[in-house]
Amino acid sequence: MSILTNLKRPEGSWHRKKRVGRGQGSGLGKTAGRGGKGQKARSGNMRFEGFEGGQSPLQRRLPKFGFNPPNRTVYAVVNLGDLEHVFDAGATVDEAALKQAGLVKGRYDGVKVLAHGELAKKLTVRVNKVSAAARENIEKAGGSVEELPLVAHKPESAAKAHSGKGVKAPRQPRA
(Lines give C-alpha, C1' and ligand atoms only; values in the text may rest on other atoms or scores of the structure.)
Protein backbone atom coordinates (compact mmCIF):
# COMPACT_ATOMS: atom_id res chain seq x y z
CA MET A 1 0.00 0.00 0.00
CA SER A 2 1.21 3.51 -0.81
CA ILE A 3 1.75 6.16 1.78
CA LEU A 4 1.61 9.88 1.19
CA THR A 5 5.38 10.30 0.96
CA ASN A 6 5.59 7.69 -1.84
CA LEU A 7 2.75 9.02 -4.02
CA LYS A 8 3.71 10.00 -7.56
CA ARG A 9 1.60 11.40 -10.36
CA PRO A 10 1.10 9.08 -13.35
CA GLU A 11 3.66 9.33 -16.14
CA GLY A 12 2.56 11.77 -18.85
CA SER A 13 -0.20 13.33 -16.75
CA TRP A 14 1.46 16.75 -16.75
CA HIS A 15 3.74 18.93 -18.82
CA ARG A 16 5.61 22.12 -18.24
CA LYS A 17 3.97 25.50 -18.90
CA LYS A 18 4.99 26.94 -22.26
CA ARG A 19 7.43 29.80 -21.63
CA VAL A 20 7.36 32.12 -24.63
CA GLY A 21 9.77 34.87 -25.61
CA ARG A 22 12.86 33.28 -23.99
CA GLY A 23 15.26 33.29 -26.94
CA GLN A 24 15.48 31.42 -30.25
CA GLY A 25 16.86 28.27 -28.67
CA SER A 26 13.56 27.70 -26.87
CA GLY A 27 11.62 27.41 -30.14
CA LEU A 28 9.29 30.21 -29.07
CA GLY A 29 11.64 33.19 -29.21
CA LYS A 30 11.48 36.30 -31.42
CA THR A 31 7.74 36.63 -32.14
CA ALA A 32 6.82 34.33 -29.21
CA GLY A 33 4.41 32.22 -31.22
CA ARG A 34 2.31 35.19 -32.38
CA GLY A 35 3.52 35.23 -35.98
CA GLY A 36 4.63 38.40 -37.70
CA LYS A 37 2.81 41.74 -37.52
CA GLY A 38 -0.94 42.28 -37.48
CA GLN A 39 -3.39 43.14 -34.71
CA LYS A 40 -2.99 39.80 -32.96
CA ALA A 41 0.78 40.22 -32.76
CA ARG A 42 0.47 43.43 -30.75
CA SER A 43 0.09 43.77 -27.00
CA GLY A 44 -3.41 44.61 -25.82
CA ASN A 45 -4.83 42.91 -28.89
CA MET A 46 -8.56 43.12 -28.09
CA ARG A 47 -8.93 39.45 -27.13
CA PHE A 48 -11.59 40.22 -24.51
CA GLU A 49 -14.90 38.43 -24.27
CA GLY A 50 -17.50 39.69 -26.72
CA PHE A 51 -15.04 41.37 -29.11
CA GLU A 52 -16.12 40.87 -32.70
CA GLY A 53 -13.26 42.37 -34.67
CA GLY A 54 -14.48 45.94 -34.48
CA GLN A 55 -18.06 45.07 -35.48
CA SER A 56 -20.60 46.31 -32.97
CA PRO A 57 -20.76 43.41 -30.47
CA LEU A 58 -23.95 41.51 -29.72
CA GLN A 59 -24.29 42.87 -26.17
CA ARG A 60 -24.39 46.40 -27.62
CA ARG A 61 -26.69 45.57 -30.55
CA LEU A 62 -29.45 44.09 -28.40
CA PRO A 63 -31.94 46.48 -26.75
CA LYS A 64 -31.70 47.01 -23.01
CA PHE A 65 -34.79 47.17 -20.82
CA GLY A 66 -35.87 46.82 -17.22
CA PHE A 67 -34.12 47.46 -13.96
CA ASN A 68 -33.61 45.22 -10.93
CA PRO A 69 -32.43 47.25 -7.98
CA PRO A 70 -29.73 45.37 -6.06
CA ASN A 71 -31.32 46.08 -2.66
CA ARG A 72 -34.92 45.27 -3.62
CA THR A 73 -37.29 43.59 -1.17
CA VAL A 74 -38.60 40.23 -2.40
CA TYR A 75 -41.70 38.74 -0.80
CA ALA A 76 -42.85 35.13 -0.87
CA VAL A 77 -46.47 35.17 -2.03
CA VAL A 78 -49.07 32.97 -0.34
CA ASN A 79 -52.75 32.90 -1.39
CA LEU A 80 -55.80 32.51 0.84
CA GLY A 81 -56.79 29.36 -1.05
CA ASP A 82 -53.50 27.74 -0.01
CA LEU A 83 -54.12 28.64 3.65
CA GLU A 84 -57.62 27.11 3.41
CA HIS A 85 -56.26 23.78 2.15
CA VAL A 86 -53.23 23.43 4.45
CA PHE A 87 -54.13 24.85 7.87
CA ASP A 88 -56.82 23.76 10.36
CA ALA A 89 -59.21 26.21 12.02
CA GLY A 90 -57.65 28.09 14.94
CA ALA A 91 -54.08 27.66 13.67
CA THR A 92 -51.47 30.41 13.78
CA VAL A 93 -49.98 31.11 10.37
CA ASP A 94 -46.48 32.59 10.42
CA GLU A 95 -43.36 32.25 8.29
CA ALA A 96 -42.13 29.17 10.16
CA ALA A 97 -45.50 27.41 9.77
CA LEU A 98 -45.63 28.29 6.07
CA LYS A 99 -42.13 26.89 5.52
CA GLN A 100 -42.99 23.71 7.41
CA ALA A 101 -46.13 23.31 5.28
CA GLY A 102 -44.08 23.80 2.10
CA LEU A 103 -45.91 26.96 0.98
CA VAL A 104 -42.76 29.09 1.27
CA LYS A 105 -39.56 27.72 -0.22
CA GLY A 106 -36.22 29.41 -0.76
CA ARG A 107 -34.89 32.67 0.65
CA TYR A 108 -37.16 35.71 0.84
CA ASP A 109 -37.15 39.00 2.72
CA GLY A 110 -40.72 38.51 3.94
CA VAL A 111 -44.11 36.90 3.32
CA LYS A 112 -47.15 38.51 1.73
CA VAL A 113 -50.68 37.08 1.75
CA LEU A 114 -52.87 37.77 -1.30
CA ALA A 115 -56.62 37.27 -1.69
CA HIS A 116 -56.65 34.61 -4.43
CA GLY A 117 -59.15 31.98 -3.30
CA GLU A 118 -61.60 31.88 -0.40
CA LEU A 119 -60.94 31.40 3.31
CA ALA A 120 -63.69 30.03 5.59
CA LYS A 121 -61.53 29.04 8.60
CA LYS A 122 -60.64 31.18 11.59
CA LEU A 123 -56.86 31.71 11.40
CA THR A 124 -54.38 33.99 13.13
CA VAL A 125 -52.13 35.31 10.37
CA ARG A 126 -48.78 36.84 11.36
CA VAL A 127 -46.87 37.93 8.23
CA ASN A 128 -45.05 40.99 6.87
CA LYS A 129 -47.67 42.15 4.35
CA VAL A 130 -51.33 41.45 3.65
CA SER A 131 -53.38 42.81 0.76
CA ALA A 132 -56.52 44.77 1.70
CA ALA A 133 -58.83 42.15 0.14
CA ALA A 134 -57.02 39.31 1.97
CA ARG A 135 -57.26 41.16 5.30
CA GLU A 136 -60.98 41.68 4.77
CA ASN A 137 -61.52 38.00 3.90
CA ILE A 138 -59.54 36.74 6.93
CA GLU A 139 -61.39 39.04 9.34
CA LYS A 140 -64.76 38.11 7.75
CA ALA A 141 -63.97 34.44 8.52
CA GLY A 142 -63.39 35.38 12.19
CA GLY A 143 -59.60 35.36 12.08
CA SER A 144 -57.10 38.09 12.89
CA VAL A 145 -54.20 39.67 11.02
CA GLU A 146 -50.97 40.91 12.57
CA GLU A 147 -48.47 42.64 10.30
CA LEU A 148 -44.90 42.12 11.45
CA PRO A 149 -42.25 44.74 10.69
CA LEU A 150 -39.77 43.71 8.05
CA VAL A 151 -36.34 43.09 9.62
CA ALA A 152 -33.53 42.95 7.07
CA HIS A 153 -31.18 41.18 9.46
CA LYS A 154 -31.07 40.12 13.05
CA PRO A 155 -30.07 42.89 15.47
CA GLU A 156 -27.29 40.80 17.01
CA SER A 157 -25.71 40.18 13.60
CA ALA A 158 -25.84 43.91 12.84
CA ALA A 159 -24.20 44.70 16.15
CA LYS A 160 -21.49 42.16 15.47
CA ALA A 161 -20.90 43.42 11.90
CA HIS A 162 -20.66 47.06 12.90
CA SER A 163 -18.90 46.73 16.23
CA GLY A 164 -16.22 49.32 16.65
CA LYS A 165 -16.70 50.87 13.19
CA GLY A 166 -16.99 54.63 13.22
CA VAL A 167 -16.48 54.82 16.97
CA LYS A 168 -13.74 57.19 17.97
CA ALA A 169 -11.44 56.16 20.79
CA PRO A 170 -11.67 58.44 23.83
CA ARG A 171 -9.09 61.15 23.84
CA GLN A 172 -6.19 60.62 26.23
CA PRO A 173 -5.28 63.59 28.48
CA ARG A 174 -1.86 65.08 27.93
CA ALA A 175 0.65 64.33 30.61
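**Exercise 1. State what share of the chain's residues count as buried.**

Solution. Of the 175 residues of the chain, 18% count as buried. Buried means under 20% relative accessible area, with a 1.4 Å probe and protein chains only. This is a predicted model: local features need pLDDT of at least 70, side-chain atom pairs count only at pLDDT 80 or more, and totals for chains, interfaces and linings use all residues. Residues are numbered from 1 along each chain as its sequence is written, and side-chain values use heavy atoms, leaving out hydrogens and water.

**Exercise 2. List the secondary structure in order.**

Solution. Start with the totals: five helices and six strands. Helices (H or I, at least four residues) and strands (E, at least two) are DSSP runs, numbered from the N terminus. Then read along the sequence: α-β-α-β-α-β-β-β-α-β-α.

**Exercise 3. Work out the strand order of each open sheet and find the edges.**

Solution. Two strands pair if DSSP finds at least two bridges between them.

- Step 1. One open sheet has three strands in the order E1-E3-E5, with parallel pairing. Strand E1 (75–79) and strand E5 (129–130) are at the edges; each has a single partner strand, so one side of each lacks a neighbour in the sheet.
- Step 2. Check one pair. E1 and strand E3 (residues 110–114) pair in the parallel sense over five bridges. Val78 has Val113 in E3 as its bridge partner.
- Step 3. Another open sheet of three strands runs E2-E4-E6, also with parallel pairing. Its edge strands are E2 (92–93) and E6 (144–147), each pairing on one side only.
- Step 4. E2 and E4 pair in the parallel sense over two bridges. Thr92 stands opposite Thr124 in E4.

**Exercise 4. Describe the largest nonpolar core.**

Solution. A nonpolar core is a set of buried Ala, Val, Leu, Ile, Met, Phe, Trp, Tyr and Cys residues joined through side-chain atoms within 4.5 Å. The largest has 20 residues; Leu83, Phe87, Leu98, Val113 and Leu123 touch the most other members. E1, helix H2 (80–86), H3, E3, E4 and helix H4 (132–140) each supply at least two residues of this core. Now take Phe87. Leaving aside residues up to four places away in sequence, Phe87 touches Val93, Ala97, Leu98, Ala101, Leu103, Lys121 and Leu123. Contact means heavy atoms within 4.5 Å.

**Exercise 5. Find how many contacts are long in sequence.**

Solution. Take contacts between residues at least 6 apart in sequence. Of these, 43% join residues at least 24 apart.

Definitions and conventions. Buried < 20%, exposed > 50% of the residue type's maximum accessible area, 1.4 Å probe, protein only.
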